[in-house]
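Reader: Could you take one residue of this model and describe its surroundings carefully, with the cut-offs behind each term?

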Amino acid sequence: CDNAFSTMTIKSGKIRRMQPDFDLRPRFEYIDVNKYDVTSCRKCGYTALNKEFAHLTSGQIELITEGVWKNYKLANEGISDQVPDYDLSIERYKLALYNSVVKKAKISEKAYICLKIAWLYRGKIEQLIKENELEAVKLIKVLEECKKEELKFYGNAYDGLIEARSKENFPICGMDMNTFEMLLAAMSFNLDKLEEASHFVSTLLISRTISSGIKNRAIDLKEM
């Protein structure tokens, strides 16, 4: 829509990286960087992952104009560069997912957005437990709802990434083959798909191009 706006991003040199989750969810001290990996225009509703935001074909612009902009109500978010909480971040990612469907994005892009949403629900759960500001009964209910949503989007992400693996060329979602296979192995394990996890681990351990970091993770997963 040619709307000029600001959006909040991360100064990578100002944050300290921590050990990522087993399924490669990035972790940094004091901040969840996943909140800031999506850009959303409040005027027309076009929303996408930061790395995909500027990459639109003329055909996709038409699809978004018809499928998103004409049906979009101006988001009441105050200033566009406010620090997002988990609920606002999840809302933006879901809008990004809707945009990706409308513009007929790659399977991997839609699946990766689903994975990011699952990770955000995981982060929200961690924050709720840490802050412990809700009454016990209400906290349990909210945690159960968040966990249900996390597993739903996690499962959708897994199915999409499996399909993308058979239809798209590497790199997929910015990952080389070994990193991508490690992600699928960890996701398979988390979803209790142990045969699939074992298959991915076996493939990784015979790879001649695997890095020592990925190999060590694969060995750990094999033992688990």
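Author: What follows is a close look at one residue, and then at a helix pair that shares a contact residue with it.

The model is predicted, so local features need pLDDT of at least 70 and side-chain atom pairs count only at pLDDT 80 or more, while totals for chains, interfaces and linings use all residues. Residues are numbered from 1 along each chain as its sequence is written, and side-chain values use heavy atoms, with hydrogens and water left out.

Arg25 sits in the loop between strand E1 (17-18) and strand E2 (27-28), where strands (E, at least two residues) and helices (H or I, at least four) are DSSP runs numbered from the N terminus. With a relative accessible area of 3%, Arg25 counts as buried, meaning under 20% with a 1.4 Å probe and protein chains only. Leaving aside residues up to four places away in sequence, Arg25 is in contact with Pro20, Asp32, Asn34, Trp119, Arg122, Gly123 and Glu126, contact being heavy atoms within 4.5 Å. Its side chain also makes a polar contact of 3.0 Å with that of Glu126; such a contact is a pair of N or O atoms within 3.5 Å, one able to donate a hydrogen and the other to accept it.

Gly123, touched by Arg25, is also among the residues of helix H3 that meet helix H2. The axes of H2 (residues 86-102) and H3 (residues 107-131) come within 10 Å and cross at roughly 170°, which makes the two helices roughly antiparallel, a label for angles over 145 degrees; axes are lines fitted to C-alpha atoms over the stretch in contact, and angles run from 0 to 180 degrees between N-to-C directions.

Methods: Buried means under 20% relative accessible area, exposed over 50%, partly exposed in between (1.4 Å probe, protein chains only). Angles under 35 degrees count as roughly parallel, over 145 as roughly antiparallel, 65 to 115 as roughly perpendicular and the rest as oblique.
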